[in-house]
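Reader: Could you take me on a close tour of the salt bridges in this model? I would enjoy one connected account, with the sheet as a backdrop at the end.

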Amino acid sequence: MGRKRTIANVAEEASVAANDMLQGNPERPSKRTRGRQNANLPTSSAVVLPSATVATAPTRRSARTKVAQSSTSAYISAFGNDDSELSDEDTRTSASATLTDRPMSDSEEEEAVKQKKATPKKKATPKKKKPQVSKTPKRTATQDIEADAELAADASEGEAIQEKKAKTPRKRKPKVTEPVIYDIPDVEKKTTTFKGRLGYACLNTILRNSKPDPIFCSRTCRIATIKEKGMEFVYELGLQNIRDLLKLIEWNEKNKIRFMRMSSEIFPFASHAIYGYDLSFADKELKLDSQEAGELAKKYKHRLTMHPGQFTQLGSPKEEVVTASVRELEYQCEIMDRMGLDQNSVMIIHMGGVYGDKESSLARFKENYTTKLSDSIKARLVLENDELCYNLDDIMPVCDELNIPIVVDYHHDWIYPSERPVAELIPIINKTWERKGIRVKQHLSEPRPGAVTVMEKRAHADRCKSLPNGLPDDVDLMIEAKDKEQAVFELYRIYDLEEVIWENLRPPKKEQTLATNGKKSAKTRNKKTGVAAADGTEVVLKDVEKEGEEAAVVSADGEIERAEQGAVGGSGVGAGGDDTEMARGCPSDEE
């Protein structure tokens, strides 16, 4: 090994050698000369340094500077910092490697400069950075188990939330409805001397359609519901009906209507042979408290009446039918007795069927009235002429004999008239009321426009356009019309009988059809009674029934459904039946 030198010494010597060659620009040595030079270099070296590339520079100075810089960087990269020591062999090898790169001549430099100027410079394209991809760290088996457990817990929680959402009913925002503005047409004004009271039957159309809780008194149910829920369910329906009766009386007082027929459906199944019951459980609601129905009616001096259905047949040839009829009369009489109502609260019935022999039927009626009815029933019972079987001429002799008041129905007399005009008969009929000290009561209805046949004439119009001829000045007139309280308001306006609350008026229908929805037809209707005949079969009452308010069946879950005629259970003569048959009083009590 020769003497050692530092990297700085070698770099300096290389720089000087390169400078000499550039300045002298020696000719390229021959092959022989190059061979001798290469022979003096070591044949092997521990480190092969990268050759110093002489850049093509526009001037000799820049080329010289780059050679020196390149030599210095090469030595430092190969052997360390400036304090490192190199042997003579290393120095010679480095110098040889640096000087073997031939420097350019002047002509070459000029050519290079020309080419560089001629070649357009390329814009440097910025290097695109590769997106950094984050590596997912490896998880241990324990971490995998814990992660799976978390996922399972999240899934279970999600299912629980979905199940809760499914069970929890969505709360709907209350509907904000704009007030309805009704176009009430003018009426044709008329005059009258009438000073009595006008009333309507059972149902108030405004209250029945009130939201969210309709107000009415004819809730009933099916026998299947009684078997499922028990009699307590039936009792509660009756109490609801009584509570709504209070609201009806209050509404009537505010609207100056002081005469009303109560529904026979107040206490469902009360007269049924099997499921019947007395009304002692509802005594407080009927009478005791000063705010209850009976006292409220007396406070306002309202007249309340009832109308057992046409199925109430005291002249029937079947003893079981007569028994069921008496039970119905006892039930409705009990309601009014417990309410503490006076003698003006009467029960109106029809004579019934002819059964092929009118005289025999009249004789049976007189016999059963005399022997089977209590004094309480007799004190309230009155008879009405009907449109099919018994007109005023037929019932007047019987009523005169038994001292029974007669309710004149003007519409029925128009369909099945008596021999003398009704105006001539009224003074005679009114004496039956006077003898018992009861205020006279009459019925008014009109046929629908265009009615021709008897069945079409029987159907009641929505409203009445005028008061009847021969009407006494001081009687109570029940308006049997489809629009109920609106029909009363119509007559109030026509004759200026009372001021009306404009907000409670509703316009009449533009057109009335002759269709009766099956209620006014010659079809015989059946009604089970719960009464067993002599042969063990159940008594079924049959008759042509009048139209009226349909009972509202309350299901076991408390939902109200509108029932078709002949499809519900309730009170009345035929109270009972099954899930497909009518079990309430004849709907005529609703008209």
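**Salt bridges and the sheet**

Author: Happily! The count comes to 23 salt bridges, a salt bridge being a side-chain nitrogen of Lys or Arg within 4 Å of a carboxyl oxygen of Asp or Glu. This is a predicted model, in which local features need pLDDT of at least 70 and side-chain atom pairs count only at pLDDT 80 or more, while totals for chains, interfaces and linings use all residues. Residues are numbered from 1 along each chain as its sequence is written, and side-chain values use heavy atoms, leaving out hydrogens and water.

Let us begin with Arg243 and Glu236, whose side chains meet in a salt bridge at 2.7 Å, N to O. Arg243 is partly exposed, with a relative accessible area of 36%, and Glu236 is partly exposed at 35% (buried means under 20% relative accessible area, exposed over 50%, partly exposed in between, with a 1.4 Å probe and protein chains only).

Next come Glu319 and Lys372, which form a salt bridge of 3.0 Å, N to O. This pair links distant parts of the chain, 53 residues apart: Glu319 belongs to helix α12 (residues 319-339) and Lys372 to helix α13 (residues 358-372). Helices (H or I, at least four residues) and strands (E, at least two) are DSSP runs, numbered from the N terminus. Glu319 is partly exposed at 43% relative accessibility, and Lys372 is partly exposed at 33%.

Helix α13 also holds Lys358, while Asp394 sits in helix α15 (residues 392-402), so their pairing ties together parts that are 36 residues apart in sequence. The closest N and O atoms of Asp394 and Lys358 are 3.1 Å apart. Lys358 is partly exposed, with a relative accessible area of 22%.

There is a network as well: salt bridges link Arg197, Arg303, Arg439, Asp474 and Asp476.

Now for the backdrop. Eight strands make an open sheet with parallel pairing, in the order β6-β5-β3-β11-β10-β9-β8-β7; two strands pair if DSSP finds at least two bridges between them. β6 (303-305) and β7 (347-350) stand at the edges with a single partner strand each, so one side of each has no neighbour in the sheet. β7 is joined by four bridges to β8 (residues 381-384), running parallel to it, and Met347 has Leu381 in β8 as its bridge partner.
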